[in-house]
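Open the model in your viewer and keep the selection panel at hand. The stops below go from charged pairs to helix packing.

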Amino acid sequence: MTPVKSYSTMTRFQCSEYLHVPKNLGLNSAKSRIKSFFQLGSDHGQLLTTNHIENSWTRTYATMPEKIPEDDPISNMLVDSFGRQHTYLRISLTERCNLRCQYCMPAEGVELTPGSKVMSQNEIVRLASLFVHSGVNKIRLTGGEPSIRKDIEEICSQLSNLRGLKTLAMTTNGLTLARKLPKLKECGLNLLNISLDTLVPAKFEFMTRRKGHERVMESIHTAVDLGYNPVKVNCVVMRGFNDDEICDFVELTKEKPINVRFIEFMPFDGNVWNVKKLVSYAEMLDIVGKRYTGIKRIQDHPTETAKNFTVEGHQGTVSFITSMTDHFCSGCNRLRLLADGNLKVCLFGPSEVSLRDPIREGADDNELRQIIGAAVKRKKGSHAGMFDIAKTPNRPMIHIGG
């Protein structure tokens, strides 16, 4: 097979060759072969072993948090039984999405919460205000796809004006972002994560079950042009699908202020998680380190979810989110408010408590604080191991919010 020099120009047939699908197969047979490859992992790929974790640069680049700073006082409502202060709230605005990513949504789809049971703009702002006044200083809007919500600009405007909120962020698939972003920035959106798992258009279409790779790339470039620094690009790495593109993603950081964030593949309901598809932090770091000799660890904030690195000669940075092989639960400061109004204190925990229902039943702010505080106090010290997580009932990622 002739090597392909540019992944961005790889054709559908070339993509199929890289996934070991013969060109002469019928369409249905080709799809079946690719699907099996994705679900089971590459038969010839290097599998996750203990050696990958132990015999790697992770010993050299162990977590290096700076000293915990003196933060502004926060309400006891946001302090759990382990003393962790929860100053970061992720709010899912909708379960709806214009993509159908395989690691996020089962092939058969999911039953969405009826519109009447999704939080209204007023409910979102009321709860956000309660959290911010109690000590939350960062809010991230997620989904589904948050940018398809019709009142996204009004929500951003109201949230950005909450006194005490320092960061208003959004995680988006970028499909329709380019034309909406200038206005969203005016409305106070000051941090951006764009999800992109491949630089190959044909692989993008397979993974997301939709077209639109060029529009996501346009959104990344638009964000850079509008002055977002850094523009964070989230990439879930899966063996046999995109682990051969790791260094191609690093190249995105060379000339632009882009932070590529490589994320270990995590188990959620319906995403057919398999340890054979997991590419560990240790293995990813080894791949990058062999190609780029000038890679240097950045000192991380104690609540940072990522292990961050600079690459010599690159304007941007590279990060690894290691939820499966090196969790960061001890510094967790995050809570999640789902689109249906449920509060989820741990991404991998099944426990949830409704805040929407008490609001609609007339609860005042003190009653809401009691419900939130009790939920936070029940938060565990850490999540279970990855194999236990895979067996624990949880919602699909599209319900939880990315």
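A salt bridge here is a side-chain nitrogen of Lys or Arg within 4 Å of a carboxyl oxygen of Asp or Glu. The model is predicted, and it holds 12 salt bridges.

**Stop 1: Lys307 and Asp326.** Select these two side chains. They form a salt bridge in which the closest N and O atoms are 3.3 Å apart. The partners come from distant parts of the chain, 19 residues apart: Lys307 belongs to strand S8 (residues 306-311), and Asp326 to the loop between strand S9 (317-321) and strand S10 (334-337). Lys307 is buried, at 5% relative accessibility, because buried means under 20%. Asp326, at 30%, counts as partly exposed.

**Stop 2: Lys344 and Glu352.** Select this pair next. The closest N and O atoms of this salt bridge are 3.6 Å apart. Which partner is buried, with a relative accessible area of 1%? That is Lys344; Glu352, at 27% relative accessibility, is partly exposed. While still on charged groups, add Lys203, Asp244 and Glu245, which are joined into one network by salt bridges that share partners.

**Stop 3: Arg126 and Asp365.** Here the salt bridge has an N to O distance of 3.0 Å. It links helix H4, which holds Arg126, to helix H12, which holds Asp365, and the two residues are 239 apart in the chain. Arg126 has a relative accessible area of 28% and is partly exposed; Asp365 is also partly exposed, with 32%.

**Stop 4: H4 against H12.** Widen the selection to H4 (residues 121-134) and H12 (residues 365-377). Their axes come within 11 Å and cross at roughly 70 degrees, so the two helices are roughly perpendicular to each other. On the H4 side, show Arg126, Leu127, Leu130, Phe131 and Ser134; on the H12 side, Asp365, Leu368, Arg369 and Ile372. Colored by class, this contact has five nonpolar, one polar and three charged residues.

**Stop 5: H4 against H5.** Keep H4 and add helix H5 (residues 152-160). How far apart are the axes of H4 and H5? The distance is 10 Å, and the packing angle is about 20 degrees. The two helices are therefore roughly parallel to each other, and their crossing is right-handed. Gln121, Ile124, Val125 and Ala128 of H4 meet Glu154, Ile155, Gln158 and Leu159 of H5. By class, five of these residues are nonpolar, two are polar and one is charged.

Methods
Residues are numbered from 1 along each chain as its sequence is written. This is a predicted model: local features need pLDDT of at least 70, side-chain atom pairs count only at pLDDT 80 or more; totals for chains, interfaces and linings use all residues. Side-chain values use heavy atoms; hydrogens and water are left out. Axes are lines fitted to C-alpha atoms, for helices over the stretch in contact, and angles run from 0 to 180 degrees between N-to-C directions. Helices (H or I, at least four residues) and strands (E, at least two) are DSSP runs, numbered from the N terminus. Angles under 35 degrees count as roughly parallel, over 145 as roughly antiparallel, 65 to 115 as roughly perpendicular and the rest as oblique. A crossing is left-handed if the near helix is turned anticlockwise from the far one by less than a right angle, and right-handed if clockwise. Contact means heavy atoms within 4.5 Å. Ala, Val, Leu, Ile, Met, Phe, Trp, Tyr, Cys and Pro count as nonpolar, Asp, Glu, Lys and Arg as charged, and the others, Gly among them, as polar. Buried means under 20% relative accessible area, exposed over 50%, partly exposed in between (1.4 Å probe, protein chains only).
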